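Subject: Structure handover

Hello,

Here is the structure I said I would pass on. Please open it beside this email, as the notes below follow it part by part.

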Amino acid sequence: MEDIKPSLLQFISGEDFFKTILVVESADYLADLQKIFPSAEIFFVTANEDLNFPDVKTFFMDYREEKLPFAEEFFDLIIGDLTLEVVTNPQDIAAGFSTFLKQTGCFVTSFRNIRHWKVLERLMRGVFGGIVSRFYTRTEFERLLYASFYKEVQLLPLKKNAPPELLERLINCGFDNFDDDLQTEFWLIRASRSMPELSLLKSMFTKEIRADFSRILHRIEYDVEIADSVKKFWQIFDAEGIFPDYAAAFIRSVVIHRENFYKNVKKYSARPEIEEIIEATENLYEFDNGNRLL
């Protein structure tokens with residue numbers, strides 16, 4: 001894989017707290033990640049047997065061909081440049097990585113932009129060297145990640161500006177330059193398994209609690225033993241210290257018929273918190289401009 005400037009750490013913020021990290025082939029990130037997360041357990045997968053780093057658990061294998069030897073939902077972060085560029089089935093690899101991520105985890109990678117002016121200029125001259133590599137557009141890569149079970153995708157551009165006369169020529173030929181895409185050589189990506197609002201819930205509560213809470217929500221939604229289900233809803237709410245905003249995000253993520261759900265809760269309980277939850281749900285709806293948020 002072609003080396004690019006290691007820039008993926010732009011996606012690491014002070015709010016991140018990664019305990020388990022997998023670096024895929026991109027050794028340049030190891031030292032910085034050790035400094036940023038000194039208590040983290042860092043793993044490195046590479047096909048290059050000449051590489052060795054202290055305090056890093058290294059696995060010499062080809063991630064494109066061999067199954068990674070890790071438990072499901074083990075990593076907080078999987079990071080590596082151009083990881084989906086030289087693979088036979090990129091969706092298999094992307095979806096495979098997602099199974100190794102915790103529900104609150106993220107996959108950070110990059111891809112080269114086939115719409116960059118350098119690629120287009122070479123094509124205009126009848127030259128193309130991407131025989132063994134996959135080139136992507138931004139839209140294609142986003143679709144690939146969403147189809148691989150990621151819920152939120154963030155992008156940052158790495159740009160190399162075109163000669164002004166060439167850029168003008170491309171635009172005049174009909175190439176749209178949305179988001180300055182024609183001058184973006186690489187796109188950097190952070191793909192999360194959960195939306196931010198739901199990630200907080202998942203980080204606070206165990207899978208078992210979330211599953212139980214989700215089951216109760218569906219029972220209320222579909223009129224199953226409503227009085228008992230509403231009672232259990234508030235029992236979980238109180239026992240786990242769930243806040244109205246968190247409950248609203250969770251309800252919005254799993255309940256389809258929210259109007260019927262709230263009607264049932266209000267009919268079989270007099271808890272004032274339900275109005276706060278409804279208001280928080282409506283705020284989420286307005287923030288999302290009426291579309292699916294979670």
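Which residue in β7 does K159 stand opposite? The residue facing K159 is T184. Please keep in mind throughout that this is a predicted model.

**The chain as a whole**

The chain has 294 residues, and 49% of them count as buried. Its secondary structure consists of 11 helices and seven strands. Among contacts with a separation of 6 or more, 69% are between residues that are 24 or more positions apart. The accessible surface is about 15500 Å², and carbon and sulfur atoms make up 50% of that.

The search for disulfides gave a count of zero. Two cysteines can still be compared by their cover. C106 is buried, because its relative accessibility of 1% is under the 20% limit. C173 has a relative accessible area of 56%, so it falls over the 50% limit and counts as exposed.

**The sheet**

Seven strands form an open sheet with mixed pairing, in the order β3-β2-β1-β4-β5-β7-β6. The edges are β3 (57-60) and β6 (152-159). Each of these has a single partner strand, so one side of each has no neighbour in the sheet. On average, neighbouring strands are turned by 15° against each other, direction ignored.

Strands of a sheet are paired through backbone hydrogen bonds, in a parallel or an antiparallel way. Both kinds can be found here. β6 and β7 (residues 184-192) are antiparallel and pair over eight bridges. The K159 and T184 positions from the opening question belong to this part of the description, with T184 in β7. β1 and β2, by contrast, run parallel and are joined by five bridges. V23 stands opposite F44, which is in β2.

How many of the six residues of β2 are buried? Five of them are, which leaves strand β2 (residues 41-46) mostly covered.

One helix to look at beside the sheet is α2 (residues 90-100), which lies across β1 (20-24), β4 (75-79) and β5 (101-112). Its direction is at about 150° to that of β5.

**Salt bridges**

Side chains of opposite charge can pair when their charged atoms come close. The whole structure contains 19 salt bridges by this search. Three of them are described here.

The first to look up is D76 with K102, where the closest N and O atoms are 3.2 Å apart. D76 is in strand β4 and K102 in strand β5, so this pair ties together parts that are 26 residues apart in sequence. Is D76 buried or exposed? D76 is buried, because its relative accessible area of 7% is under 20%. K102 has a value of 24%, which makes it partly exposed.

Next is the pair K118 and E185, whose side chains meet at 3.3 Å, N to O. This pair links distant parts of the chain: K118 is in helix α3 (residues 117-124) and E185 is in strand β7, 67 residues apart. K118, at 22% relative accessibility, counts as partly exposed. E185 is buried, with a relative accessible area of 16%.

The last pair, R138 and E142, has its closest N and O atoms 3.8 Å apart. Both residues lie in helix α4 (residues 138-146), four residues apart, which is about one turn of the helix. E142 has a relative accessible area of 19%, so it counts as buried under the 20% limit. There is also a network: salt bridges with shared partners join K118, K160 and E185.

**A residue before the sheet begins**

Q10 is in the segment before β1. Which residues is Q10 in contact with, leaving aside its neighbours within four places in sequence? They are L156 and L188. Q10 and L188 are 178 residues apart along the chain, yet their C-alpha atoms are separated by 9.0 Å. Q10 is exposed, because its relative accessibility of 52% is over the 50% limit.

Regards

Conventions: Residues numbered from 1 in each chain as written. Predicted model: local features only at pLDDT ≥ 70, side-chain atom pairs only at ≥ 80, totals over all residues. Heavy atoms only, no water. Helix = DSSP H or I, 4+ residues; strand = E, 2+ residues; numbered from the N terminus. Buried < 20%, exposed > 50% of the residue type's maximum accessible area, 1.4 Å probe, protein only. Contact = heavy atoms within 4.5 Å. Areas by Shrake-Rupley, 256 points an atom, 1.4 Å probe, with all protein chains shown as cover. Disulfide = S-S within 2.5 Å. Pairing = 2+ DSSP bridges. Axes fitted to C-alpha atoms, helices over the stretch in contact; angles between N-to-C directions. Salt bridge = Lys/Arg side-chain N within 4 Å of Asp/Glu carboxyl O.
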